Amino acid sequence: MDIMVEGVGRRFYKPNQVVLSINFLVNDATYEKALEKGVKSVEDFIVLVLQKLDIAKEELKTRSFRISQNTRYDYETKKTIFNGYDYTQGATLKLDYNMETISEFMSLVSSLAEPPRYTMTFSIKDMEGAKKEVLAEAYNKAKEKAETIAAAAGKQLKDCIKTDFRPFAETVTSHSRLSDMDMLEETGVMYKASKARSTAETIQTVFTPEDVEISETLYCLWIAE
């Protein structure tokens, strides 16, 4: 007798890592000035934020970089309007989860002349270990189902002869997010440094990210006799 069962493993973990997606964007009339101002914005971030947080600049990993023309089409005049050059650099920064560090990061970024945009997500460091635990749970639950079915049929479960599983995908990070938009007033104007610091400090007491949920579905084919 063949028994095909589905086992679902699901566990929740307290976040111990913050992943920041950071985007530097500077515009200027000429290519050279856009490059100069863009590089300075990154350098300022390294000196005035990372160094003050005692974070090595090598921890800031660049994932994209480009300098491009900024243009828009005016449908009334039927002309393309040139708006200078955009310096765009995307980077990723991983930090230990610590609300004091997050608060200080937000305050320091808000004081920059050309602050980058950023989004924070929350995760765990030992993702591979967590995945193994969840996969083992999925297998055990599949086995329990198979044993129940075999017993109901008056048979005994023998071997699992085949498994098929879906890779871990989108459900491996906390759903909580925190971005630089939380440092803006409803009008879209940046808070002053003192106001931003007050807001960042308040976040320490009111912001608690959701646990990281990791789930796995495993399909098992068992033989019962």
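# A tour of one nonpolar patch and several salt bridges

Begin by selecting Tyr-31, Leu-35, Val-39 and Phe-65, which together make a nonpolar surface patch of about 340 Å². Keep in mind along the way that this is a predicted model. Helix α1 gives the patch its largest share, three residues, and if you click on Leu-35 you will find that this residue lies in helix α1. Leu-35 counts as partly exposed, because its relative accessibility is 31%, and the class "partly exposed" runs between 20% and 50%.

Stay on helix α1, which spans residues 31-50, and select Lys-33 and Glu-36, a pair set three residues apart and therefore separated by about one helical turn. Their side chains meet in a salt bridge, with 3.9 Å from N to O. Lys-33 is partly exposed at 37% relative accessibility, and Glu-36 is likewise partly exposed, at 49%.

Salt bridges that share partners also join Arg-11, Glu-133, Glu-137 and Lys-141 into one network, and these four residues make a good next selection. Within the network, look at Arg-11 and Glu-137, whose side chains form a salt bridge of 2.9 Å, N to O. Arg-11 sits in strand β1 (residues 2-13) while Glu-137 sits in helix α3 (residues 127-152), so this pair ties together parts that are 126 residues apart in sequence. Which of the two classes, buried or partly exposed, fits Arg-11, and which fits Glu-137? Arg-11 is partly exposed, with a relative accessible area of 33%, whereas Glu-137 is buried, with a relative accessible area of 16%.

For the last stop, select Lys-14 and Asp-211, which form a salt bridge whose closest N and O atoms are 3.3 Å apart. Lys-14 is found in the loop between β1 and β2 (17-28), and Asp-211 in the loop between α4 (193-206) and β8 (212-224), so the bridge ties together parts that are 197 residues apart in sequence. Colour the surface here and compare the two partners: Lys-14 is exposed, with a relative accessible area of 64%, and Asp-211 is partly exposed, with a relative accessible area of 28%.

The structure holds 10 salt bridges, and this tour has taken you to some of them, including the pair Lys-33 and Glu-36 and the pair Lys-14 and Asp-211.

Methods: Residues numbered from 1 in each chain as written. Predicted model: local features only at pLDDT ≥ 70, side-chain atom pairs only at ≥ 80, totals over all residues. Heavy atoms only, no water. Helix = DSSP H or I, 4+ residues; strand = E, 2+ residues; numbered from the N terminus. Buried < 20%, exposed > 50% of the residue type's maximum accessible area, 1.4 Å probe, protein only. Patch = residues over 30% accessible without salt bridge, like charges linked within 9 Å, V, L, I, M, F, W, Y side chains within 5 Å. Areas by Shrake-Rupley, 256 points an atom, 1.4 Å probe, with all protein chains shown as cover.
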